[in-house]
Amino acid sequence: QVQLVESGGGLVQPGGSLRLSCAASGTIFGIYAMGWYRQAPGKQRDLVAGITNGGTTNYTDSVKGRFTISRDKNTVNLEMNNLKPEDTAVYYCNADLVAKTGTKIMRRDYWGQGTQVTVSS
């Protein structure tokens, strides 16, 4: 059973910083990519940043220069600087990986439970 456990959300003032972490556990044979998505109230879940197994990163335009994604083995981090009120959302970790589920070994997407980030004065 694969689990993605997130940590690091909270309340921060505009201009402040937060660091999100997500650790994948279980019988994992390989990770193709990991990333962070966010969902604000009444809006769809959108990609914030992603990182491939080869280290290639991509960011949504609104966070370029402020957010940095990094990965260490089965953990993905999101360093968020100069936070703005519009960054307020629930942030979800995502992993595209191969793992043993029951008796099968298969590739699929997994999601964390989400962590709230609130940027407000």
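Two strands pair if DSSP finds at least two bridges between them; strands (E, at least two residues) and helices (H or I, at least four) are DSSP runs numbered from the N terminus. The model is predicted, so that local features need pLDDT of at least 70 and side-chain atom pairs count only at pLDDT 80 or more, while totals for chains, interfaces and linings use all residues. Residues are numbered from 1 along each chain as its sequence is written, and side-chain values use heavy atoms, with hydrogens and water left out.

**Exercise 1. Pairing around strand E4**

Task: Determine how many bridges join E4 to E9 and to E5, and name the bridge partners of Gly35 and Met34.

Solution.
1. E4 and E9 run antiparallel and are joined by 10 bridges. Gly35 has Asn94 in E9 as its bridge partner.
2. E4 and E5 also run antiparallel, with six bridges. The bridge partner of Met34 is Ile51 in E5.
3. The connection between E4 and E5 is a hairpin with six residues between the strands. Gly42 in that turn has a positive phi of about 80°.

**Exercise 2. The four-stranded sheet**

Task: State the strand order of the open sheet of four strands and identify which strands stand at its edges.

Solution.
1. The order is E1-E3-E8-E7, and the pairing is antiparallel.
2. Strand E1 (3-7) and E7 each have a single partner strand, so one side of each is left without a neighbour in the sheet.
3. On average, neighbouring strands of this sheet are turned by 15° against each other, direction ignored. For such angles, axes are lines fitted to C-alpha atoms (for helices over the stretch in contact), and angles run from 0 to 180 degrees between N-to-C directions.
4. Six bridges link E7 and E8 in the antiparallel sense, and Ser70 has Asn77 in E8 as its bridge partner.

**Exercise 3. The disulfide**

Task: Locate the disulfide (a pair of cysteine sulfur atoms within 2.5 Å) and establish its handedness.

Solution.
1. The structure holds one disulfide. Its partners are Cys22 and Cys93, with sulfur atoms 2.1 Å apart.
2. The S-S torsion of Cys22 and Cys93 is about -80°, so the disulfide is left-handed.
3. Cys22 belongs to strand E3 (residues 18-25) and Cys93 to strand E9 (residues 89-101), so the bond ties together parts 71 residues apart in sequence.
4. Both Cys22 and Cys93 are buried, where buried means under 20% relative accessible area, exposed over 50% and partly exposed in between (1.4 Å probe, protein chains only).

**Exercise 4. Core and surroundings**

Task: Find which element gives the most residues to the largest nonpolar core, and describe the settings of Asp96 and Thr115.

Solution.
1. A nonpolar core is a set of buried Ala, Val, Leu, Ile, Met, Phe, Trp, Tyr and Cys residues joined through side-chain atoms within 4.5 Å. The largest has 30 residues; Trp36, Phe67, Val76, Leu78, Met80, Tyr91 and Leu97 touch the most other members.
2. E9 gives the most to this core, with six residues.
3. Asp96 also lies in strand E9 and is buried, at 17% relative accessible area. Beyond four places in sequence, its contacts (heavy atoms within 4.5 Å) include Ile31, Tyr32 and Arg107.
4. Thr115, in strand E11 (residues 115-119), is buried at 13%. Beyond four places in sequence, its contacts include Glu6, Gly9 and Tyr91.
5. A polar atom of the Thr115 side chain lies 3.4 Å from the backbone nitrogen of Gly9.

Definitions and conventions
Disulfide = S-S within 2.5 Å. Polar contact = N/O pair within 3.5 Å; in protein donor to acceptor, adjacent residues only side chain to side chain.
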